[in-house]
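Open the structure in your viewer and keep the selection box ready. Each stop below names what to select and then what is there.

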Amino acid sequence: MSKPDPDWPKRKVKEPMIIRSVLTALVLGLATLAVAAPPGILDGENIPADFTAADAGALKATQRNSTQFGDYFDVPGLWIPGSETDQLFVAKSADKLYIAISGNLEGIGHAWLIGINVPDRTGQQAENRSEGSSWCGDPYSFDPPWTLQRSARDVIIDDGGTPGDTPEDRADDTWSYGVDSGMVFPCDTDYVISIDTFSGTLGVHLYTLHDPAGPGAGTWDPTPDNLLDLPDATLYAEKLRAADSGTNDGDDILFEFNTSGFTEGGFDNTNEFGVTDTDGSSAATATTGLELAIPFATLQTDSGPLTGAETIGVYVLLADGRENGCAGDNWGHIVNQVLPPLAAGGVCDTPPGLIGFRPDLSTVMSCLDVPLSSTPTFGGGDDSANGIIDPADYGGAAIATQACPTPYGDQFFDLTQNGRGGGSELDALYVTSDAVNLYVGITGNLQENGDKMQIWIDNGIGAIGEHTLTWDGMGGPGDGMEGDAMPPLPDTTTDALFDYALSVNIEGPATDPDRKVWADLWDIIAQTSTFKGFSIRESGNGDMDASGGSNQWGMKIALNNLNTAGVPGCQPLEVGCLDNFGNPTIHNWSDDIATVEALAAGVTTGFEICIPLADIGINPCDGPATIHLWAHITGSNGWRSNQSLPSMRPEAGNADSTEQVQNAGSIVTDWFGPFFGLPEEFYRAVTATHVTTALVTPVNDCDSSGTEDVCDILNDPSIDLDFSGVPDVCEIVTCTVVADCADPLGDGVTDDVCVSWECLAGICVATDLSVPSDMGSPLGDCAPDTFCSLADALHALTCFAGTNTCDRLNIDAGQALGVCAPDGFCNLADALHALTCFAGTNTCACGPAPDGTSGPTVGGSAVLRAVADARSIKAGSEVQVRMFVDEPLDALLGYQLTAVVSGGRRGSLELMDIAVESRRDAVYTGAANAFSAFNIENRQMLAGDFDGPVSTRANGYLATFTFRASEDAVGAFVVDVVRDDLTQTLMVGAEQSEEIVVRSTAPAVVVVTSNGARSVR
């Protein structure tokens, strides 16, 4: 028996369902041996040498068309973003108000909101409905920012106009209050100017706020299709897209829109100074950010535009827009980076500092009065309002300086990271094979934004297959090319009939060193899609993790995505072609096709793919097969590019033309269609051909049948019931403990939370799970039962207490705060995974995509306090230390505490017992379904309520730890709670993902005196 591959995955399942199978690392390694050595090392590097050394005819095609996706780039250094508001400067000119804000903004929807109150005009203090007050379904909110819209009051929803219909009518001029009331500004506000840097573009939006007691600014009908609804809702604010410009462009020109006279300003978003995530004292060191000139004519009073003699009110808010969509937990929240600054304490001192969603800001901050008559004249000349802030331009000083640390972390430029991104291209195609596998090498690179590299395959078996595609279910909506007429065979006389397509894309962002290369195999005839798994980009191998998918025969995909050479990154006749840095491209398009092909031939990195013949419907034992292939790149949503191999070319009879083929776009395409005289119609392409070698002697014959294992299974699928690609009789190996199966790395953490392992009669037996929190069956039975139930929570609790007989590796359902990856512990986190799964709110699942995670958020903060029932005890005596939470909490789902003892001159305080007493001040007083568990050895306890979160009172009692002083104990001992370690001490808010941050603890001090000594005072 050959030596196995120790890295081969233990788990391969066809569907995400419960199946029990004999699977072991040792024999599953035999599946690797079914893959003969590829040409060279399968690492995505040295592709021309690897393939031509193995097969002189391996080179099948070279690219002749420049790519319209742009050139790939890889440069040292990467910005680690953050958002902060450091200082506010104000100046004026004869007709403009100049405002500067030092700091920086993440380009994910975070926004600065500049509020302005002008005299003799009634605006709003409680924000009413505006254009675009809701992202979801709102026709006025397609542009960022999304934050101010989100903070406005909602219109009441009723069904008065169409009884029996779904609620969609709106009561005119009627506003809902309570949880849906609008944000309360620090003062009466007439204008809000929103500043965001979404996707690297400075966006300036002007909101004009109208008197809510007045006529408003027109009407808005959320359901124009419903002719029977009540009158339209009145709008109380108008949103104007005032200007757009590039960030960091170094000038003071706002390039686009320029409405209402917004033409002067800039944003330098490279600030690395100012406040940090822990310290708010260095705000004055930030010298870059926003500079904006606001025309007086835009800021209208009831008597006309500002003249420069009035006193106005100004404030700045930082609003969270991180999700820029409907589901963001903090979308529309105001954070502590406001000016004038918040007073010390609370959200100012303890980031993350969310003031709240639609908060009443008048209780925590006020407006700054700015008398324009004495405001300094803007001292900068032309082209100076560019975001590089000179305090001298604003009279020498800021009018407000930040005091709070930022909840978003400190922005900085990290030279240890790589900035990488840009285009997609296919440079050259290489194909070879051995007896059981097809090997495809493609040089080039693939953008990590949804672009897909597709290999279309005609297996050459009979007259089946498709020429004109009729199925668009290949991997998801828009992924396929429904309606396209596909390329013919190389002689151009016969249509290729395609049977399969392998689609590959990369999960972004590119800054993560472990980006996944995802693969789906489409069976075009059967119209089915199979998720094959993923490999890791630039890992140096093509090993696939097929968790949640099916990789029965051992497909491998290696990608080195660092190519910056090859074909040029733009296209002839394309107007305004820029490189990846926004500069005009260096290519002048005098390059002819021969030049482009020479550039393509020099690329050595890209994809090296091993496709088992069985995956594409070929039985290796049936003799050689004639295979036709065509590789192509599509953008997201099925966008057709000009990047294919063999390369597209001009129409017949124009073979020597120097014209290059352009992108086909999103239209249905005939890849061998007629030429109508437009460059966009140069779509003509043909396939490449490869003939496989004959299988003479079995490469792998683990059951000594005299036939290749893959052929045995293809002829009789019943001998491979676990779909591992290895006959079941060959998959037996011994084990002594569950860890031999579940933890091959020996790091104490289960290898896969989606598998429950048993070691039965010395054999590893796996049960694939549909959810990680399926830890066992009722009454302590360790076998999973396919349900999320109380039984799973009890397994976690008894494992925490050390009384569960089931293996800890199978109980570990995930980390704290909803994170799905395991952490190697049995604790409160696992119990909550089980409870929230039962409630249907847990996002962790085992399927054809990565496990989801609800992601940690902050639900509040707390101070924990330890109180001893005696300040001084004798050696050998006991003392009880009770734990309390100082402030009331609106919602507490559960908590876990770990006691720690320090101090003392000699001896120790030994933990004897942990309990939750029946007290009127207990956190879970009156809870019918409270639970608790204790582990004296680890000095840990946990508690919660099966029915969900509860509200607690101030000084709520949590637990009692009973200690005994050893006979030799003497000195002052400190009893405290472990902090800043979520595996030991954890408080969870209303949702599983909400952490109640323990911002500080107050320990108890117990003085121990010897039995023969007098007590210490």
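pLDDT is the predictor's confidence in each residue, on a scale from 0 to 100. Colour the protein chain by it: the mean is 81, and 81% of the residues reach 70 or more. This is a predicted model, in which local features need pLDDT of at least 70, side-chain atom pairs count only at pLDDT 80 or more, and totals for chains, interfaces and linings use all residues. Residues are numbered from 1 along each chain as its sequence is written, and side-chain values use heavy atoms, with hydrogens and water left out.

**Stop 1: confidence**

Helices (H or I, at least four residues) and strands (E, at least two) are DSSP runs, numbered from the N terminus. Select strand β1, residues 20-22. Confidence in the protein chain is lowest here, at a mean of 30. Now jump to strand β41, residues 878-885, where confidence is highest, at 97.

Next, select residues 323-328. Their pLDDT stays under 50. A contact means heavy atoms within 4.5 Å. Beyond four places in sequence, the model has ten contacts for residues 323-328. Residues 1013-1017 also have pLDDT below 50, with nine contacts beyond near neighbours in sequence.

**Stop 2: helix α2**

Select helix α2, residues 47-54. Buried means under 20% relative accessible area, exposed means over 50%, and partly exposed lies in between (1.4 Å probe, protein chains only). By that rule I47, P48, D50 and F51 of α2 are buried. Look down the axis of α2: the buried residues fall within an arc of 165 degrees, so they line one face of the helix. That arc is taken from the directions from the helix axis to the C-beta atoms. In general, an α-helix has 3.6 residues a turn, so residues three or four places apart point the same way.

What do the buried residues of α2 pack against? Add β26 (425-433), β27 (437-445) and β33 to the view; these are the partners.

**Stop 3: an open sheet**

Show β16, β17, β5, β4 and β24 together. They form an open sheet of five strands, in the order β16-β17-β5-β4-β24, with antiparallel pairing. Its edge strands are β16 (265-267) and β24 (400-401), and each pairs on one side only. Two strands pair if DSSP finds at least two bridges between them.

Zoom in on β4 (residues 84-92) and β5 (residues 96-104). How many bridges join β4 to β5? There are eight, and the two strands run antiparallel. Pick A91 to see one of them: its bridge partner in β5 is Y98.

**Stop 4: strand β35**

Select β35, residues 640-645. Six of its six residues are buried, so β35 is largely enclosed by the rest of the structure. Add β34, which pairs with β35 in the antiparallel sense over three bridges. A631 has L645 in β35 as its bridge partner.

**Stop 5: disulfides**

Show the cysteines. A disulfide is a pair of cysteine sulfur atoms within 2.5 Å. The structure holds eleven disulfides. Three of them follow.

Start with C621 and C711, joined with an S to S distance of 1.9 Å. The torsion about their S-S bond is about 95 degrees, so this disulfide is right-handed. The pair links distant parts of the chain, 90 residues apart: C621 is in the loop between β33 (606-612) and β34 (626-634), and C711 is in helix α5 (residues 709-715). Buried or exposed? C621 is partly exposed at 37% relative accessibility, whereas C711 is buried at 0%.

Move on to C754 and C846, with S to S at 2.0 Å. Here the torsion is about -90 degrees, so the disulfide is left-handed. C754 is in the loop between α6 and β37 (755-760), and C846 is in the loop between α9 (828-839) and β39 (857-868), 92 residues apart. Both cysteines are buried.

Then select C782 and C806, also joined by a disulfide, at 2.0 Å. With -95 degrees about the S-S bond, this link is left-handed. C782 lies in the loop between β38 (763-768) and α7 (790-801), and C806 in the loop between α7 and α8 (808-811), so the pair ties together parts 24 residues apart in sequence. C782 is partly exposed at 32% relative accessibility, while C806 is buried at 7%.

**Last stop: C741**

Select C741 in helix α6, residues 739-742. C741 is buried, at 1% relative accessibility. Add C764, which lies 23 residues away along the chain: the two C-alpha atoms are separated by 5.9 Å.
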